[in-house]
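Thanks for coming, everyone. Please pull up the structure and keep it in view while I talk.

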Amino acid sequence: MFFQLQFKRLRLVQASVIALGLMAGAALAQPWPSKAISLVVPFPPGGTTDVLARALGEKLSQSLGQPVIVESKPGAGATLGADYVAKSKPDGHTLLMGAVHHTIATSVYKKLPYDFQKDFAPISTVALVPNVLVVNAATPAKNVKELIALAKGTPDKLSYGSNGNGTAQHLIGTQFENNAGVQLVHVPYKGSGPLTSDLLGGQIAMSFDTITPVLQHIKSGKLRALAVTTGKRSTVLPEVPTLDEAGLKGFNIGTWFGVLAPAATPKDILVRLNTEMVKVIQSPEFRKRMEEIGAEPIGNTPDQMAAQIKDDTDKFARLVKDAKVAIE
């Protein structure tokens, strides 16, 4: 009787272990995504990153069957939001809308709490957006030549805004100063929204922001576009010359935006995300939306995005060294 009782107890224990194992297996095997996805934008609402994230998130919500919530975490030249995602649970439910700024930050900041190439898994580049040199309409300069003359006549008086220290706008401004032989006052902001507000209000004279947040103000005449910073003209501003055409040789910097996940995110989730994103990016509706805001839709593979990140990190490391930009 004793042995029979012990045997029954053993069978009950075994059954419980098996049941728990099946429950755990079911939990592990549950389909992804199992809840809302957070798409972190490392800038305040209103800028290009935010606009792209919302356009992408809206369509991804439909194809993935779960809400994609755009979450703003601005600060420190886009590195605060990046650090948050790098340290998030790698389950595909927290993603970063990254940008070229992150490849620059690698060289600009002497110490970062993450490694952009090692701590993130690239998914796809969403779009490329040209940067444009714009001035407040009250600024007397009508072209780049006149702006340079104005800056030389009033050294350390003309101010330009950027999305923060170490961002593309900051580096473009520094390169502009070096190439033109002028001295400007750099005013860092947390993002394009507050930057554009101050530019419209006359608190700063100009900026080298992406086209998206300033396009409507250029068309309305509140801001004046003097040049784009890319190697070729923008399709939405075809009448605006490149800085190279305006006499400052060597400018060819645009701003790309793309989605990344924490490095340890499972491969099957990354593949699914890339597949769904590329479908969205290549859709006629999304392409039309991108054209309206001056963006060129991309939609590439994780390997292609990783190669782009490496190339840009190397390129900007040289530019940062030449410009002598460094942040503690």
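I will go through some helices, some strands and one side chain. One point up front: this is a predicted model.

Let's start with helix α4, residues 100–108. Is α4 mostly covered or mostly open? Mostly covered: 7 of its 9 residues are buried. Those are V100, H101, H102, T103, I104, A105 and V108. What does the covering? The list includes two elements early in the chain, α3 (79–86) and β3 (94–99). It also includes α6 (168–180), β10 (254–262) and α11 (302–323).

Take α6 from that list. The axes of α4 and α6 come within 9 Å and cross at roughly 65°. The cut-off for roughly perpendicular is 65 to 115 degrees, so α4 counts as roughly perpendicular to α6. On the α4 side, the contact uses V100, H101 and I104. On the α6 side, they meet A168, Q169 and L171. By class, this contact has 4 nonpolar residues, 2 polar and no charged.

Now β3, another of the elements covering α4. How many of the residues of β3 are buried? The count is 6 of 6. In a regular strand, side chains alternate between the two faces of the sheet. In β3, both faces are covered. T94, L96 and G98 are buried on one side, and L95, M97 and A99 on the other.

What about the neighbours of β3? Strand β1, residues 37–41, runs parallel to β3 and is joined to it by 3 bridges. In that pairing, S38 has T94 as its bridge partner. With β10, β3 pairs in the antiparallel sense, over 4 bridges. There, A99 is partnered by F257.

Next, a second helix pair. Two packed helices are described by the angle between their axes and the distance between the axes. For α2 (residues 48–64) and α10 (residues 284–292), the angle is about 165° and the axes are 11 Å apart. That angle makes α2 roughly antiparallel to α10. The crossing of α2 and α10 is right-handed. From α2, the contact takes V51, L52, A55, L56 and K59. From α10, it takes E285, F286, R289 and M290. The class split for α2 with α10 is 6 nonpolar, no polar and 3 charged residues.

On to a single residue, Q308, which sits in helix α11. Is Q308 buried, exposed or partly exposed? It is partly exposed, because its relative accessible area is 23% and buried means under 20%. Leaving out residues up to four places away in sequence, Q308 touches T125, W256 and N300. Q308 and V100 are 208 residues apart along the chain, yet their C-alpha atoms are separated by 9.5 Å.

Last topic, the open sheet. It has 5 strands, in the order β7-β6-β8-β5-β9, with mixed pairing. Which strands stand at the edges? They are β7 (185–188) and β9 (223–228). Each has a single partner strand, so one side of each has no neighbour in the sheet. Inside the order, β5 (residues 132–136) and β8 (residues 206–207) run antiparallel, joined by 2 bridges. V134 stands opposite S207 in β8.

Two helices go with this sheet. Helix α6 lies across β5, β6 (159–162) and β7, at about 150° to β6. Helix α7, residues 192–201, packs on the sheet and touches β5, β6, β8 and β9. The direction of α7 makes about 45° with that of β5.

That's my tour. Thank you.

Definitions and conventions:
Residues are numbered from 1 along each chain as its sequence is written. This is a predicted model: local features need pLDDT of at least 70, side-chain atom pairs count only at pLDDT 80 or more; totals for chains, interfaces and linings use all residues. Side-chain values use heavy atoms; hydrogens and water are left out. Buried means under 20% relative accessible area, exposed over 50%, partly exposed in between (1.4 Å probe, protein chains only). Contact means heavy atoms within 4.5 Å. Axes are lines fitted to C-alpha atoms, for helices over the stretch in contact, and angles run from 0 to 180 degrees between N-to-C directions. Angles under 35 degrees count as roughly parallel, over 145 as roughly antiparallel, 65 to 115 as roughly perpendicular and the rest as oblique. Ala, Val, Leu, Ile, Met, Phe, Trp, Tyr, Cys and Pro count as nonpolar, Asp, Glu, Lys and Arg as charged, and the others, Gly among them, as polar. Two strands pair if DSSP finds at least two bridges between them. A crossing is left-handed if the near helix is turned anticlockwise from the far one by less than a right angle, and right-handed if clockwise.
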